[in-house]
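User: Please take a close look at a single strand of this model, and then place that strand in its wider setting. A formal account with explicit cut-offs would be appreciated.

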Amino acid sequence: MSGVVRDGYVRPVDFKHGRVDMTHGSGGRAMAQLVDELFLHAFDNEWLAQRNDQARFTVTAGRMVVSTDSHVVSPLFFPGGDIGCLSVHGTINDVAMAGAVPLHLAAGFILEEGFPLADLKRIVDSMAAAAKDAGVPVVTGDTKVVEQGKGDGVFITTTGVGFVPAGVDISGDRARPGDAILVSGTIGDHGVAIMSLRENLTFETTIRSDTAALHRLVAAMVAAVPGIHCLRDPTRGGLATTLNELASQSGCGMVIDERRIPVQPQVAAACEFLGLDPLYVANEGKLVAICAPDDAKRLLASMRAHPQGRDAAIIGEVTRDPHHFVQMDTSFGGRRVVDWLTGEQLPRIC
Amino acid sequence: MKYIDEFRDGDLARTLARAIAREARNARSYNLMEFCGGHTHAISRYGLKDLLPSNVNMIHGPGCPVCVLPIGRIDNAIDLAARPGLVLCTYADTMRVPASKGRSLMKAKAAGADIRMVYSCADAVRIARENPGRDVVFFAIGFETTTPPTAVAILEAAASGLANFSVFCNHVLTPSAIANILESKEVRELGTVPLDGFIGPAHVSTVIGSAPYEYFAEEYEKPVVIAGFEPLDVMQAILMLVRQLNEGRAEVENEFTRAVTREGNGKAKSLVAEVFELRRTFEWRGLGEIPYSALRIREKYRAFDAETRYGITYRSVPDNKACECGAILRGVKKPTDCKVFGTVCTPENPIGSCMVSSEGACAAHYTYGRFKDVGVEAVGAPATETAQ
């Protein structure tokens, strides 16, 4: 026997025909190889390259923000995006809604045995592209594999950290009677994109998800009006639910005007067809802002000057109301309550 | 949006509102029952009451398919779903309807029953095809609108020998419910429910036509105006009813001419007649046993009748004592007359069926209108400035 230790040939991960198996979550060589060839390669940054179980970075003095979000959307791929970019955008937005600058992301994957590696690669590449576009790197992560039938392809949890610039104090409990309520663009796009795919509905134009990272829009808004009172992204439960959350957190009411709420005609048509109300349909690239009435014009101008806020509009105002009702003047001329979402309108939307 | 926006136009609504206000006489009131949950929903969602003069009152009728389903029938469905290997397909609305002992289909599903929400009966047929080894039952509910698709599904299953498919039939008939209300003590003798006219069903009438209502107009001297489910349809129908009442007429008029004819849809009617026959009697929630008010599957298609296949026996279960759904469905009470409305009975935790479906009178009022009950001050119009 010779004493030479040979470098064994390592067959590259088969991203064309391969599938996730239990070894990919075992902590052994197969997992290390998947991490190397897929995650490290795609996310490619100095923190991951150190191969530690954690990422170390210097913190800015001031207030940090942390937020976490799990993603279970079905189907995994949809017009305008996929679970990968969605998981990056969703968490960046949650951080940004504090008026914060997002810095880093962490990502946890739960993979189902048998999931095609080609799909996994597509998802991870999409995450990496979204993180790169946003300038917010994925600096640490984790992978687990569950037996077939115990998951649904892939679930992704992302956690984001960021910091709040000095002088900014944005919180859901700061809406005051008289404040203006703004939305950054058309509502319902994400939910309808997913739903029309699930129901196999095709319309003359494809409805695309609006999934996007909004931190740059937020930065522009904060620069224009540092005293913004509230920001929130109307994801599950849609605009209606977000307004109810803010009204109840701030202890006030709201009156919005149906005619001012931007909805794409094809989204309105699809909602009509599916029996949905666009007010309750999820968004992944829109935000609601509340500010003092005197700041409204300036804030709206700053939003409209940004590509992600082109269709922004002032949709109503905060009122004094001990019952915290969100009311709406209908385009028809009457007034009604816009209530919390009841039950589940669209399961597994994000 | 084409064919939609035209029927939701605010300017036209105001023109109609002015006409109604002009023609409605101050000396009398106009008590109009909208039979269908679809109308109830439109009235609440568009805030239509705000546009009506105070002497025009809208009374919610029993035309909400989920609301009139008696507890015993939901119990039957839950028991069916508990059979090993069986797949129960249902419209989403029935999932949350409270059954006896605090049960519901939603809870049965969470506990492991294979209950699937479908958009149509055709989906249930597809599920049966895809799962040949499993019994698939469609929980069929609804008025004449949903009956023809159920008939088609049974005919399809029969033609293709789909032996694992069957239907738990709970289809009910609109004219019997209207007759029941008009015959009720409150309307006929006591006069506690003033009822001057009806807004007739939209989608139901596309199937059965306007002719079946002629009897009510003549026999009970109540005008009927068939109206579409868009808010302008409802406004127009109200105006037409006010005019009939002013002129002392009691006729069937059709506002929904773009979809409803006098005879209805002959093909749909013959499909229904082929597959279904009248039940001798059927229990309605709130209205009780009504003779010849529902359909069952004919002998010829018995193989697809879940009631015979699984030996389902019906047992009547009384409503929760505090629940006023029965009186609300008959138009005797308003949602706010019920002690549990908005307190222990909410859309999240419904006690009665009227709080479940968006077409239910209680759910519609809770979701869209309840701010009016507490007299919330109407704060000024939203900010009007834009950045232009």
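Analyst: The account below begins with one strand and its neighbours and then turns to the contacts between chains and between domains.

This is a predicted model, in which local features need pLDDT of at least 70 and side-chain atom pairs count only at pLDDT 80 or more, while totals for chains, interfaces and linings use all residues. Residues are numbered from 1 along each chain as its sequence is written, and chains are lettered from A and ligands numbered from 1 in the order in which they are written.

The part chosen is strand E5 of chain B, residues 136-142; strands (E, at least two residues) and helices (H or I, at least four) are DSSP runs, numbered from the N terminus. Of the 7 residues of E5(B), 7 are buried. A residue is buried if 20 or more other C-beta atoms, placed from the backbone, lie within 10 Å of its own, exposed if 12 or fewer, and partly exposed in between. In a regular strand the side chains alternate between the two faces of the sheet. Here Val136(B), Phe138(B), Ala140(B) and Gly142(B) point one way, whereas Val137(B), Phe139(B) and Ile141(B) point the other way, and all are buried.

E5(B) has parallel partners, strands being paired if DSSP finds at least two bridges between them. Strand E3 of chain B (residues 87-90) is joined to E5(B) by 3 bridges, and Val87(B) has Val136(B) as its bridge partner. With strand E6 of chain B (residues 165-171), E5(B) shares 7 bridges; Ile141(B) is matched there with Asn170(B). Helix H6 of chain B (residues 147-159) completes a right-handed β-α-β unit with E5(B) and E6(B). Right-handed means that, with the strands pointing away from the viewer, the path from the first strand over the helix to the second runs clockwise.

Turning to the contact between the chains, 35 residues of chain A and 31 residues of chain B take part, contact requiring C-beta atoms, placed from the backbone, within 7 Å. On the side of chain A, H9(A) gives the most, with 5 residues. That side divides into 14 nonpolar, 11 polar and 10 charged residues. Ala, Val, Leu, Ile, Met, Phe, Trp, Tyr, Cys and Pro count as nonpolar, Asp, Glu, Lys and Arg as charged, and the others, Gly among them, as polar.

Within chain A, the assignment gives domain 1 (22-164) and domain 2 (180-337), with bounds from an automatic or database domain assignment. In the contact between them, 20 residues of domain 1 meet 23 residues of domain 2. H3(A) supplies the largest share of the domain 1 side, 8 residues, and that side holds 14 nonpolar, 6 polar and no charged residues.

Notes. Contact = placed C-beta atoms within 7 Å.
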